[in-house]
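Me: I would like to learn how to read a few features of a structure like this one, going slowly from single residues to whole chains. Could we look at it together?

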Amino acid sequence: MRALLVFATTTLLAATVWAQGPSFSARLQRNPVGLGEAFSFEVTLSAEGGRMEDYRAPDFRGFRVVAEQPSQSTQIQMGGGGSFMRQIYTWHYQLVPLQKGKLTIGQASVRVDGRAYATDKVSVTVVDAGQTPQPRPRQPRGIPGFPGSSFFFPDLEPEPEPEPAPVPPPAPDSARPAGRRNFLRVVASKTRAFAGEQVTVEWFLYLTERQNNYAPTKEPRADGFWVEDLEVPQSQRGLSLTEQVLDGRVYLVAPLLRKAMFGLRPGKYTITPLEADISRVDFFGATLRSEHLKAEPVTVEVVPLPEGAPSGFDAAGGGAVGRFELSAEVDRDQVQVGDAVTLKLRLEGEGNLRKIGLPTLSRLEGFKVYEPKVGVQMHRGDVVGGTKSAEILLLPERPGEAVVPAFAFAYFDPQKGSYATARTEPIRLTVTGEARAASSSAPASAPLPAASGSENLLAIDVRPLRNRASLRRDLGGALYRSPVLLGVVVGPPLLLGLVGLMGIARARLGQESEGTRRRKLRHSANRRLRTAAAHLREGRLAPSLAEIERVLREFLTGRIGRGVAGMSREELRAGLAGLGANEALVEGTVAALDTCDRARFAPGTISAEEAGAAIDRASEIIERFEKLAGPRGGGA
Amino acid sequence: MSRRRAVALLGLCAALGVGAHLARADLLDQAWKRGNEAHLRGDYAAAAAAYEQLDRQQVVSVDLYYNLGVTYFRQGRLGKAIWAFERALVVSPDDEDARFNLTQTRKLADQRARDKLEGAEREPPWIRVVTYLGPSTQVWLFSGLYLACFALLFVRRRLAVDSRVAVTTGAAVLGVSALLSGLLILGRLHLDRTPFAVVLPDRVEAKEGADSSLRTSFAVHGGLRVRVLERERDWARVRLANGLEGFVRLEDLGLL
């Protein structure tokens with residue numbers, strides 16, 4: 001709730017502020033200002049829409065307008081009360097006071113939607129040059145959309161400054177080419193230097209008025225020198241400007257290039273000039289005028305180093321020139337056989353460290369010495385320098401005491417004009433454990449030892465490749481992330497359940513087939529009885545009775561579950577009794593079968609009437625047995 | 001469809017499946033041989049490329065991981081070598097060669113830079129139990145016990161009631177054993193949700209969030225074993241053995 005309240009209040013306040021009418025104001029960069037020193041003055045109009053017209057600049061009486069630059073921007077704010085858009089018009093002026101005392105900058109005026117607005121008059125106190133606090137150099141701002149542009153107008157808003165731009169030394173009269181307003185100036189820290197000594201060469205751009213674009217067209221070339229680029233302070237959008245008075249004229253000065261040069265061999269060498277184009281553009285980016293600038297060449301004489309170099313000074317390689325300190329340390333001074341010690345050698349100082357070699361440790365008794373891992377960290381301030389280090393891996397091979405000898409590094413100090421030597425202290429190492437056998441095998445990552453001994457040192461290595469004819473795959477591992485494993489889990493219980501269900505289904509299907517079988521039996525009996533009746537109608541008694549006998553035997557076999565053909569009469573009676581038949585039915589059935597037997601063996605003893613009665617009796621017997629419960633629980 | 005046609009169709013499918021399997025195995029063997037030959041003539045870059053091709057095809061093989069580790073070692077890529085040997089040991093924890101090579105590689109990596117974790121704790125007991133056997137062994141053990149249990153249950157159905165006791169007892173014992181081995185697999189699957197990984201480059205800076213512009217929490221070196229807690233785009237939140245956590249790029253990690 002509280003957050004909601006704060007949000008609503010903030011939104012209303014913002015809406016109130018933004019809903020205000022146009023504001024028109026003027027402000028100074030600083031006050032007081034020194035006579036002849038340039039300063040900034042800015043007029044700003046902020047209006048929410050509306051038509052701006054008829055802007056009149058202030059009366060700058062007593063000032064000289066060095067530069068003038070209008071700009072326009074749009075600010076949009078969105079909030080709960082709606083969105084607000086304002087147009088910001090700004091006129092920047094770079095002014096130089098022409099007289100001392102209290103001066104007044106007049107009113108600026110403008111019309112917005114027909115209504116006139118004016119700024120207040122601004123008073124400026126002008127004092128003698130050098131009596132005012134020096135303004136911090138300001139970062140220039142470029143024009144968006146202009147690659148490489150450097151719009152040189154300082155911003156009035158304070159912004160963080162990384163470090164001040166280097167100010168060129170006071171320029172002699174010859175520094176400015178005659179008749180030129182804008183020019184490039186080159187400054188060398190010295191024109192005579194020892195071989196290997198740093199000479200700093202800087203190029204500056206001098207402008208009498210602000211420009212929009214600067215583009216170098218030809219970089220300087222320095223044959224005979226090892227060149228390191230030095231840092232040049234620049235703003236994010238362009239060059240960093242300071243003001244400088246030369247020949248009574250105020251210049252805007254920007255450092256362009258700084259290079260540290262180290263002469264490689266004695267002799268006279270010329271550094272070719274820097275060339276560049278500068279231009280001004282209008283509000284829409286069209287070029288108003290451009291100018292090609294060219295600096296002067298610089299000649300530097302490189303003199304040889306003096307005689308009397310100490311031993312260890314690498315004169316053939318150019319030698320180390322500068323000022324250096326050397327240190328050495330180990331990561332541990334007590335170590336076991338087989339465990340490595342890292343010796344770190346560190347050379348720190350001013351000079352061309354890239355080109356300088358470090359002292360070496362070729363061998364150490366009782367140790368295997370690996371090739372050093374060398375690294376360089378350069379600092380590119382005014383003087384090139386930094387740190388060069390070497391890490392040397394020492395592998396103890398046998399127990400005992402060992403001493404890493406002192407290292408010495410000879411160099412020439414150009415400031416003192418003499419040679420010097422930096423030294424380290426010896427380092428004592430204690431090795432414990434038992435001596436080991438050794439091998440020559442080492443991984444590609446571990447360099448081969450620099451020193452070879454009579455022992456065969458086995459360095460850290462791995463067992464060899466497995467070169468089988470075919471790739472042995474791990475099916476179990478593949479199954480682990482495979483859906484097949486889920487199949488293995490789910491499959492067996494599913495199968496077991498399925499088999500169980502099928503058993504139940506089969507049992508149920510079996511019961512149905514029993515009923516069907518009995519139905520079929522009944523249908524068969526009926527069909528045979530109809531056949532017997534047909535035979536009888538045609539007067540064929542024997543076939544009729546044979547059919548009756550067959551129907552009885554088939555039916556009874558089906559009910560009893562055993563063939564009745566081979567049964568004795570007693571067995572038949574027992575079987576029929578087992579079906580639940582009473583004695584009359586049993587005896588009637590046996591009598592019917594006897595009648596059929598008699599007709600088969602003595603056909604003439606059976607009359608047509610008896611045959612018809614046999615058919616009726618057989619039908620009745622079947623019907624009565626149908627009504628009895630059978631041995632499998634069937635029957636009505 | 002007649003039974004004869006159905007059988008013919010099944011036979012055709014089986015033949016196609018077997019044919020495809022054999023063709024794939026042949027391609028894999030070719031890449032395997034290519035890698036071995038390149039390694040033996042000292043072309044470790046070509047060897048690594050061939051082995052990595054197999055790895056990308058999801059081939060699970062302790063020999064592949066082992067050879068990959070040896071090749072990385074020869075190239076001086078110790079972080080990757082450690083990862084490969086660790087993978088070999090995940091598949092086959094009893095592989096003596098892989099264990100030896102892993103120890104050697106770690107020794108060499110420690111000489112370059114060693115990450116000493118203050119307050120590091122051992123892995124919890126359940127992780128040690130779950131990872132005691134390789135996934136392959138676990139799968140075979142479980143499958144064997146499980147299938148044997150159900151085979152006995154099938155046999156039991158065919159037996160007379162009075163001769164079922166022994167078979168039922170056997171099925172019960174097998175079932176309990178299968179359940180225990182199945183729990184091991186479930187534990188490993190749970191562990192895979194926050195898997196272990198190995199730092200691959202020589203040095204990696206762990207950030208405070210999934211953005212390279214954020215402050216560095218700490219730096220670790222190649223070969224260090226970390227645990228991946230979660231993944232966020234192409235970043236992973238990792239935890240060290242001493243509980244420190246930070247974000248590193250996924251490409252700098254080799255998952256185990």
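Me: Is A:Asp54 buried or exposed, and how many C-beta neighbours does A:Asp54 have inside 10 Å?

Reply: This is a predicted model, and the reading rests on a count of neighbours: a residue is exposed if 12 or fewer other C-beta atoms lie within 10 Å of its own. A:Asp54 has 10 such neighbours and therefore counts as exposed. A:Asp54 is found in strand E4 of chain A, residues 52-56, and has a positive phi of about 60° although it is not a glycine.

Me: Why should I pay attention to the sign of phi, or to the form of a peptide bond?

Reply: Most residues other than glycine have a negative phi, and most peptide bonds are trans. In chain B, a positive phi, near 60°, is found at B:Gln58, a residue other than glycine. B:Gln58 sits in the loop between helix H2 (44-56) and H3 of chain B, and with 9 other C-beta atoms within 10 Å it is exposed. As for the peptide bond, the one from A:Asn31 to A:Pro32 is cis, with omega near 5°, and A:Pro32 belongs to the loop between strand E1 (23-28) and strand E2 (33-34) of chain A.

Me: Why does B:Thr71 count as buried?

Reply: The threshold for a buried residue is 20 or more other C-beta atoms within 10 Å, and B:Thr71 counts as buried because it has 28 C-beta neighbours inside that distance. B:Thr71 lies in helix H3 of chain B, residues 62-75. Leaving aside residues up to four places away in sequence, B:Thr71 touches B:His39, B:Tyr44, B:Ala47, B:Ala48 and B:Tyr51. With B:Tyr51 the C-alpha to C-alpha distance is 9.1 Å, while the two are 20 residues apart in sequence.

Me: At what angle do helix H7 and helix H8 of chain B pack?

Reply: Helix H7 (residues 135-158) and helix H8 (residues 165-191) of chain B pack at about 155°, and their axes are 8 Å apart. Angles over 145 degrees count as roughly antiparallel, and H7(B) and H8(B) are therefore roughly antiparallel to each other. The crossing of H7(B) with H8(B) is left-handed, and their contact has 17 nonpolar, seven polar and two charged residues.

Me: In what order do the three strands of the open sheet in chain A run?

Reply: The order is E12-E21-E18, with mixed pairing. The edge strands, each pairing on one side only, are E12 (192-194) and E18 (267-271) of chain A, and neighbouring strands are turned by 30° against each other on average, direction ignored. E12(A) and E21(A), the latter spanning residues 298-303, pair in the parallel sense over three bridges, and A:Ala193 stands opposite A:Val302 in E21(A).

Me: How many residues does the contact take from chain A and from chain B?

Reply: The size of an interface is often given as the accessible area lost when the parts come together. Here we can count residues instead: the contact takes 29 residues from chain A and 40 residues from chain B. On the side of chain A that touches chain B, the largest share, five residues, comes from H2(A), and the residues of that side divide into 17 nonpolar, five polar and seven charged.

Me: How many helices and strands does chain A have, and how many does chain B have?

Reply: Chain A comes to seven helices and 31 strands, and chain B to eight helices and seven strands. Of the 636 residues of chain A, 29% count as buried, and for the 256 residues of chain B the figure is 35%.

Technical notes. Residues numbered from 1 in each chain as written. Chains lettered and ligands numbered in written order. Predicted model: local features only at pLDDT ≥ 70, side-chain atom pairs only at ≥ 80, totals over all residues. Helix = DSSP H or I, 4+ residues; strand = E, 2+ residues; numbered from the N terminus. Axes fitted to C-alpha atoms, helices over the stretch in contact; angles between N-to-C directions. Parallel < 35°, antiparallel > 145°, perpendicular 65-115°, else oblique. Left-handed = near helix turned anticlockwise from the far one by under 90°. Nonpolar A, V, L, I, M, F, W, Y, C, P; charged D, E, K, R; others polar. Contact = placed C-beta atoms within 7 Å. Pairing = 2+ DSSP bridges.
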